[in-house]
Amino acid sequence: MCVGPEKLRRADGRPAEWAVASGPVDYPVALASMKERAAAIARGEAEELVWLVEHPPLYTAGTSAEVRDLLQPNRFPVYEAGRGGEYTYHGPGQRVVYLMLDLRERGRDVRCLVQGLEGWIGDTLHAFNVVGETREGRIGVWVKQPGRPGGESKIAAIGVRVSKWVTTHGIALNVAPDLGHFDGIVPCGIADRGVTSLEDLGQIVSMPEVDMALRAAFERRFGPVVAAGGAESLVSAA
């Protein structure tokens, strides 16, 4: 059972590295970079990394994706993600955070990790006076929106992969994306609910402001971070 955020903190107190991409990152580049970094972490040759990016418009298919949920297959590029879950959209105005964390040092509990990620997103939204909620049987974070299908909408998606107890992939928080781009898929396989964003909720905030809130909330739950040295090298070798 996941009791309190301390279970997700490293016992040795070592900080994870924190990097923010300076421009759009192509999805195949992100996948290759994550895989390489996670393998180095598993070998004990690299520090943990939290990597914040934006992508050009695209759809990703998780291991549970159903072809029927890809409604407009020719609208944007579609990539096999290699993570759990179904179809998701990534694009400008959405903060994607890739997490390369060593669960050998953080409790070896994937369920606890997912709960921690949901709580992290909720804490971040709270900084902008938005109440994020979780739902039994539906991974991600939701907000109440009367008048929308089901009276609620999804504001953040979560999808992680764990190999050798090191994580890849992570979260996607809708800050100000074009919500019409989600029409090309059934997001996460949920047809009777919609998606929303901070902008859609009337919260007009910049991506740097969101990043600051993400970092503060991450440190409260997962422990300290330090700026990654040479963040651009994350993509230069891929």
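This briefing describes the internal cavities of the structure and the strand that contributes most to the lining of the largest one. The model is predicted. Across the whole structure, a search finds 2 cavities of 30 Å³ or more. Strand E9 (152-163) supplies 4 residues to the lining of the largest cavity, which is the largest share, and 9 of the 12 residues of E9 are buried.

**Largest cavity**

- The largest cavity holds about 100 Å³ of space.
- Its lining consists of 13 residues, of which Gln94, Ala157, Asn174, Phe182 and Val195 are the closest to the centre of the cavity.
- Three elements each give two or more residues to this lining, namely strand E5 (87-90), strand E9 (152-163) and strand E10 (166-174).
- By class, the lining of the largest cavity comprises 9 nonpolar residues, 3 polar residues and 1 charged residue.

**Second largest cavity**

- About 40 Å³ of space is found in the second largest cavity.
- The residues that line the second largest cavity are Trp142, Lys154, Pro187, Ile190, Arg193, Gly194 and Val195.
- This lining divides into 4 nonpolar, 1 polar and 2 charged residues.
- Val195 lines the second largest cavity and is also among the residues closest to the centre of the largest cavity.

**Surroundings of strand E9**

- Strand E9 is largely enclosed by the rest of the structure, because 9 of its 12 residues are buried; the cut-off for a buried residue is under 20% relative accessible area.
- Strand E8 (residues 138-144) pairs with E9 in the antiparallel sense, over 4 bridges.
- Within the pairing of E8 and E9, valine 141 has alanine 156 of E9 as its bridge partner.
- Strand E11 (residues 194-195) runs parallel to E9, and 2 bridges join the two strands.
- Glycine 194 in E11 stands opposite serine 153, and Gly194 also belongs to the lining of the second largest cavity.

**Hairpin of E9 and E10**

- E9 and E10 are paired in the antiparallel sense over 8 bridges.
- In this pairing, threonine 168 of E10 stands opposite arginine 161.
- The two strands form a hairpin with 2 residues between them.
- Lysine 164, in the turn of the hairpin, has a positive phi of about 55 degrees.
- Both E9 and E10 give two or more residues to the lining of the largest cavity.

How values were computed: Residues are numbered from 1 along each chain as its sequence is written. This is a predicted model: local features need pLDDT of at least 70, side-chain atom pairs count only at pLDDT 80 or more; totals for chains, interfaces and linings use all residues. Side-chain values use heavy atoms; hydrogens and water are left out. On a 1 Å grid over the protein atoms alone, a cavity is a set of points where a 1.4 Å probe fits but cannot get out, and a pocket is an open set with protein on both sides within 12 Å along at least five of seven lines; lining residues have an atom within 4 Å of a point. Grid points are joined across faces, edges and corners, and a volume is the space filled by probe spheres set on the points. Ala, Val, Leu, Ile, Met, Phe, Trp, Tyr, Cys and Pro count as nonpolar, Asp, Glu, Lys and Arg as charged, and the others, Gly among them, as polar. Buried means under 20% relative accessible area, exposed over 50%, partly exposed in between (1.4 Å probe, protein chains only). Two strands pair if DSSP finds at least two bridges between them.
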